[in-house]
Amino acid sequence: MMNMDESNPAAVPMAALDIQGDGRWLSLHNRFVSDSKGKEPELLFVGDSLVQLLHQFEIWRELFSPLHALNFGIGGDATQHVLWRLQNGELDHINPKVVVVWVGTNNHGHTAEQVAGGIGAIAYEIHKKLPSAKVLILGLLPRGKNPNPLREKNTRVNEFVQQALPTLPWANFLNLDDGFVHSDGTISHNDMYDYLHLTRAAYARVCRPLYDKVKRLLEEQDRMVS
């Protein structure tokens, strides 16, 4: 169902190329590893810019900071980049109860099945390093003002991930698309200011169900311990 082996480039860990030449990606990764030392987060977010930007809005401080959350999001990351980061120190010093994964929309050169396999490989890596943690995979959002092939691909990625969930008993899936695509097929700039990244209002909207799901998973974990 999901190709997670070495024949799938989306499931092979790879450091991001330093295209700009300023070393920012590796510096961020190293900062995450350093920041995690001495921390005891109950909740960890990993992923791309949709994770990274969430940290800048009030909704993060309102909902997730009180849960002792860490944000390991890097803009532009694809599944193989997140997988590399997780294999190279970002999970080594922490033991969160829940890990939220939101990545895949930047895997432009990969098929929907390959992207889903990359997401599955991330879920397995988290389970290998944090066997008691729950993984919450967030569905890829639609993108582009008008209907387009990338939007269709993201929908298929979500379908592949959901079909594979029975093989990932420690993982859950949550679709955060609350109707971004209007009846005429368009997405509003009031929801996605550049037709990819969420506005403040859209983050506030999608984070409510996300918070509710995370709280339920944390409570389940606490019951298992007690």
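User: Buried means under 20% relative accessible area. In this predicted model, how many of the residues of β3 are buried?

Analyst: Side chains in a regular strand alternate between the two faces of the sheet. In β3, Val98, Val100 and Trp102 point one way, Val99 and Val101 point the other way, and all are buried. β3 is thus mostly covered, and the count of its buried residues is five of five.

User: In what order do the strands of the open sheet stand?

Analyst: β1 and β2 pair in the parallel sense over five bridges. Five bridges also join β1 to β3, again running parallel. Strands β3 (residues 98-102) and β4 (residues 134-138) are paired in parallel over four bridges. The open sheet has five strands with parallel pairing, and its order is β2-β1-β3-β4-β5.

User: Which strands stand at the edges of that sheet?

Analyst: The sheet order is β2-β1-β3-β4-β5. An edge strand here has a single partner, so one side of it is left without a neighbour in the sheet. The strands placed this way are β2 (69-73) and β5 (171-174).

User: By how much are neighbouring strands of this sheet turned against each other on average?

Analyst: The sheet is open, with five strands in parallel pairing. With direction ignored, the average turn between its neighbouring strands is 20°.

User: Which residue of β4 stands opposite Val100?

Analyst: On the β1 side, Val100 of β3 stands opposite Phe45, and Leu44 stands opposite Val99 of β3. On the β4 side, Val101 stands opposite Ile137. The residue of β4 opposite Val100 is Leu136.

User: Which residue of β2 is the bridge partner of Leu44?

Analyst: Both faces of β1 are covered: Leu43, Phe45 and Gly47 are buried on one side, and Leu44 and Val46 on the other. Five of the five residues of β1 are buried. Leu44 stands opposite Val99 in β3, and its bridge partner in β2 is Leu70.

User: At about what angle to β4 does helix α5 run?

Analyst: Helix α5 covers residues 112-129 and lies across β3 and β4. Those two strands pair in the parallel sense. The angle of α5 to β4 is about 160°.

User: Why is helix α4 largely enclosed, and which elements do its buried residues pack against?

Analyst: Helix α4 spans residues 79-90, and ten of its twelve residues are buried, so it is largely enclosed by the rest of the structure. Among the buried residues are Val82, Leu83, Trp84 and Leu86, along with the charged residues Arg85 and Glu90. The elements that the buried residues of α4 pack against are α1, β1 (43-47), β2 and α5.

User: Is His55 buried, partly exposed or exposed?

Analyst: His55 sits in the loop between α2 (49-54) and α3 (58-64). Leaving out residues up to four places away in sequence, His55 touches Trp60, Arg61 and Asn71. Its relative accessible area is 41%, and the range between 20% and 50% counts as partly exposed, so His55 is partly exposed.

User: How far apart in space are His55 and Leu43, C-alpha to C-alpha?

Analyst: Leu43 is one of the buried residues of β1, whereas His55 lies in the loop between α2 and α3. The two residues are twelve residues apart in sequence. From C-alpha to C-alpha, the distance in space is 13 Å.

User: About how much space lies in the largest pocket, and which helix gives the most to its lining?

Analyst: The space in the largest pocket is about 360 Å³. Of its 18 lining residues, the closest to the centre are Ala16, Leu17, Gln20, Trp25 and Gly75. By class the lining has eight nonpolar, six polar and four charged residues. The helix that gives the most, with three residues, is α1 (residues 24-36).

User: What is the volume of the largest cavity?

Analyst: The structure holds one cavity of 30 Å³ or more. The lining of the largest cavity includes Asp48, Trp102, Arg143 and Leu196. That lining divides into seven nonpolar, one polar and two charged residues. The volume of the largest cavity is about 60 Å³.

Note on methods: Residues numbered from 1 in each chain as written. Predicted model: local features only at pLDDT ≥ 70, side-chain atom pairs only at ≥ 80, totals over all residues. Heavy atoms only, no water. 1 Å grid on protein atoms, 1.4 Å probe; cavity = no way out; pocket = protein on both sides within 12 Å on 5 of 7 lines; lining within 4 Å. Points joined across faces, edges and corners; volume = space filled by probe spheres on them. Pairing = 2+ DSSP bridges. Axes fitted to C-alpha atoms, helices over the stretch in contact; angles between N-to-C directions. Contact = heavy atoms within 4.5 Å. Buried < 20%, exposed > 50% of the residue type's maximum accessible area, 1.4 Å probe, protein only.
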